[in-house]
Amino acid sequence: MSGVVFEGVTKRFGEVVAVDDLTLEIADQEFMVLLGPSGCGKTTALRMIAGLDDVTAGVLRIGDRVVNDIDAKDRDIAMVFQSYALYPHMTVRKNVESPLLTRAFPVDDGAPRKLTGEEREKRVKEAAATLGLSDLLDRKPGALSGGQRQRVALARSIVRRPEVFLMDEPLSNLDAKLRAQTRVELVELHRRLATTFIYVTHDQVEAMTMASRIAIIENGRLQQVGRPQDVYERPANLFVARFIGNPPMNTLPALFSRNGTASQVVCGETRLSVSEPGSAADGQAVDFGVRPEHLTVAADGLPAEVKAVEMLGHERHLVCDVNGAAVVIRQPTEGAPPQPGEVLHLSADPAEVHLFDAETSERLN
Amino acid sequence: MSTEVQAEAGEHAAPAPRRHRTSRRTREALVGYLFLVPSLVIFGAFFFYPFGRLIWLGLHQQNRTGTATRWVGIEQYGEVLGGEEFSQGLWHSVQYLIYTVPLGLVLGLLLAVAAHRRLKGIKIFQTIFASTVASSVAVASVIFFVLINPQVGKFGRVSWLDLENPDSALFAVSLSSVWQNLGLTFIIVLAGLQAIPDEIIEASILDGFGPVRRFFRVTVPLIAPTLLFLVVVLSIFALQAFAQIDILTQGGPAGSTETLVFKIFNLQQPAKQPIGSILAVGLFGVTMIVSLGQFMILERRVHYGN
Ligand SMILES: Nc1ncnc2c1ncn2[C@@H]1O[C@H](COP(=O)(O)OP(=O)(O)OP(=O)(O)O)[C@@H](O)[C@H]1O
Ligand SMILES: [Mg+2]
């Protein structure tokens, strides 16, 4: 069992900086999700932990050990690849058994040694039972469904009880229903194994539902680390604000004005009050952000022309136009929905307004 | 065809689209056959007709000028295929196959594995290794001949490459074949290696497989279809080898390099043609049996990935 620490880690591929000065501490037994858009360097970060890519600069630790110069095979980690990377010519049994073939394992608190065929078979059966694969052991990967293959890949990684699990978008090939089901199972697996999980995804729903903490990365740079709720409630900058949440946070350019104790943002002709202005200064140009669920239709406020109404059953989304910017409002499905073309007035919950510096995009309140 | 269409049309309420569909299917079939005609003509002219003629010749005797033939019947096949000429030629051909196929395959595999890595300038080596593909059998044989020439050759004093000695001549010729086929084997194996997903190799690294275990447990099984293909092709090459023998030894010394093909070639005088034809039919049979046998034995052990 051990954590993973990045200290100023950079990875360059020629001119491309895939990971840029990453400093991140992942605690023992944590479920850390690396989240970011495609190409932001998530896989590269994971591959450096695995030892499949070497570190250009900085220090990488697993447990107390600096692993910059330690071979992949000598690190106690297991990885689930996005493509699963199962051996197509081997049965499920052989696939799951393969990490046990060459390594020494402590047996019954004795000195580590290679496992006998019987011991291996026992562990394979355990791992297979954990993941509901017991009936599939003699099949080859070609004869399995996507979800079953993904389980085999998981079984292959848990069978050796590694210090750290790495998973690279393991759910991306599954359909929506199976994905939701597997999310729950992964959280359960994490609880049972009590090991460090480092999980890469570009899907914020996966991150929000499974992570103990989320690290949001853009362009190789770490944007924010925190518990899902913290990241959602207090995004550190405009990128995080827009990336987390579905539909995403509405952001509009505005001017901040402080008038005695009353704080307001001025957006076009409209003034909206803000209850926690933080460090925003009078007259400062800001981007003010408000989540779709914190906007309500009121007698007066921000004028918004309805463009479309999306019905989701339990709620509806009004897509509106405010001074040329798209703004989304979440409403319970009560009463008749407004018609496209109608002009509404929106008010924002003053306690839920986010303020970002218009120049640096950093959070102000 | 037309009566069928009419009968159907009578039974159904909406005959028009049906008739249209049937006639379109006929038209499509006609177009399909039309596309097949060129290859049928080529196969007919250069394979089916000569093959039929071979079989026919084998049933006859011919005079010295080839102007008259006389029916002798199927017994001639039994005599020739049971005779010493055939068994000796076949034995040389089989030896040739045994010398060339495994050695060529292993060397090609080693070269491909050596050249399959991400290194600067590796393309240069890949080009060099593949270069024998671009040289003709004649040119390659002459180069080889010079290399092992006792007077001027770098390898002129190597006893097991002596073309003058009946015990070593066939092996020396085989070696030249191995070398000539190496480029092709190399290219095909390299393509097979490059088709293996990186992630599978990386998974095996994380599973703790060393290079040797990885090679035999992961790499070889994954390129097995490629290797099977090469075994079949190289075997056919071996059974058909002619030019290198003609250039290096002309079947000598003491007939020790007379493979089946070479014997067939030597029997191309009108009076002997029927015997040559029977040998050729025999070679065809042997080649087919060897190829089918390889497919049946190896295919069971070969994994075809999906
Ligand atoms: N082997 C490589 N050589 C050159 N550039 C690379 C290599 N691997 C990754 N990159 C670049 O590094 C950047 C980060 O890539 P990475 O694969 O880590 O992204 P990612 O966040 O995993 O994206 P995705 O969600 O699409 O998988 C990209 O710009 C990519 O083009
Ligand atoms: Mg990736």
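Reader: In which helix of chain B does Leu292(B) lie?

Author: Leu292(B) lies in helix H13 of chain B. The model is a predicted one, and every statement below should be read in that light.

Reader: Is Leu292(B) buried, partly exposed or exposed?

Author: A residue is called partly exposed when its relative accessible area falls between the limits for buried, under 20%, and exposed, over 50%. Leu292(B) has 48% relative accessibility, and therefore counts as partly exposed.

Reader: Which residues form a nonpolar patch on the surface together with Leu292(B)?

Author: The patch joins Leu292(B) with Phe43(B), Phe47(B), Phe48(B), Phe284(B) and Met288(B), and together they have about 580 Å² of accessible area. Two helices of chain B, H2 (15–58) and H13 (273–299), each supply at least two residues of the nonpolar patch.

Reader: How should I read Phe46(B), in helix H2 of chain B?

Author: Phe46(B) has 65% relative accessibility and so counts as exposed. Its C-alpha is 16 Å from that of Ser277(B), a residue 231 places away in sequence.

Reader: I turn to the interior. How many residues has the largest nonpolar core, and which have the most contacts inside it?

Author: A nonpolar core is a set of buried nonpolar residues joined through their side-chain atoms. The largest one here has 87 residues, and Val4(A), Phe6(A), Leu34(A), Leu166(A) and Ile198(A) have the most contacts inside it. Phe6(A) may serve as an example: leaving aside residues up to four places away in sequence, Phe6(A) touches Leu22(A), Thr23(A), Leu24(A), Ile26(A), Ala45(A), Ile49(A), Val59(A) and Leu60(A). Another core, of 46 residues, lies apart from the largest one; Ala78(A), Ala153(A), Leu186(A) and Ala211(A) are among its members.

Reader: What is the area buried between chain A and chain B?

Author: The size of an interface is often given as the accessible area lost when the parts come together. Between chain A and chain B, that area is about 1,800 Å², and carbon and sulfur atoms give 60% of it. Chain A brings 25 residues to the contact and chain B brings 17 residues.

Reader: How many salt bridges are counted between chain A and chain B?

Author: The count between the two chains is one salt bridge. Glu202(B) pairs with Arg47(A), and their closest N and O atoms are 2.7 Å apart.

Reader: Which residues of chain B does Arg156(A) touch?

Author: Arg156(A) touches Ala203(B) and Asp207(B), and its contacts within chain A include Tyr84(A), Tyr87(A), Asn95(A) and Pro99(A). Arg156(A) belongs to helix H4 (residues 146–158) of chain A, and counts as buried because its relative accessibility is 4%. Sequence separation and spatial separation can be set side by side here: Arg156(A) and Val80(A) are 76 residues apart in sequence, with their C-alpha atoms 8.4 Å apart.

Reader: How many salt bridges are there over all chains?

Author: The count over all chains comes to 26 salt bridges. One of them pairs Arg221(A) with Asp20(A), with 3.1 Å between the closest N and O atoms. Arg221(A) is in strand E12 (residues 221–226) and Asp20(A) in strand E2 (residues 16–26) of chain A, so this pair ties together parts that are 201 residues apart in sequence.

Reader: How many residues apart are Glu188(A) and Arg192(A) in helix H5?

Author: Glu188(A) and Arg192(A) are four residues apart in helix H5 (residues 176–193) of chain A, about one turn of the helix. They form a salt bridge whose closest N and O atoms are 3.6 Å apart. Glu188(A) is partly exposed, at 31% relative accessibility, and Arg192(A) is partly exposed, at 48%.

Reader: Are Glu258(B) and Lys263(B) buried or exposed?

Author: Glu258(B) is buried, with a relative accessible area of 18%, and Lys263(B) is buried, with 2%. Glu258(B) forms a salt bridge with Lys263(B), at 2.8 Å between the closest N and O atoms. Elsewhere, salt bridges that share partners join Arg93(A), Glu121(A), Lys125(A) and Asp138(A) into one network.

Reader: I close with the backbone. Which residues does a cis peptide bond join?

Author: The cis peptide bond joins Asn246(A) and Pro247(A), with omega about 0°. Pro247(A) is in the loop between helix H8 (238–243) and strand E13 (250–259) of chain A. As for phi, Arg161(A) has a positive value of about 50° although it is not a glycine, and Ala254(B), also not a glycine, has a positive phi of about 55°.

Note on methods:
Residues numbered from 1 in each chain as written. Chains lettered and ligands numbered in written order. Predicted model: local features only at pLDDT ≥ 70, side-chain atom pairs only at ≥ 80, totals over all residues. Heavy atoms only, no water. Patch = residues over 30% accessible without salt bridge, like charges linked within 9 Å, V, L, I, M, F, W, Y side chains within 5 Å. Areas by Shrake-Rupley, 256 points an atom, 1.4 Å probe, with all protein chains shown as cover. Salt bridge = Lys/Arg side-chain N within 4 Å of Asp/Glu carboxyl O. Buried < 20%, exposed > 50% of the residue type's maximum accessible area, 1.4 Å probe, protein only. Core = buried A, V, L, I, M, F, W, Y, C linked by side-chain atoms within 4.5 Å. Contact = heavy atoms within 4.5 Å. Buried area = accessible area lost by both parts, 1.4 Å probe.
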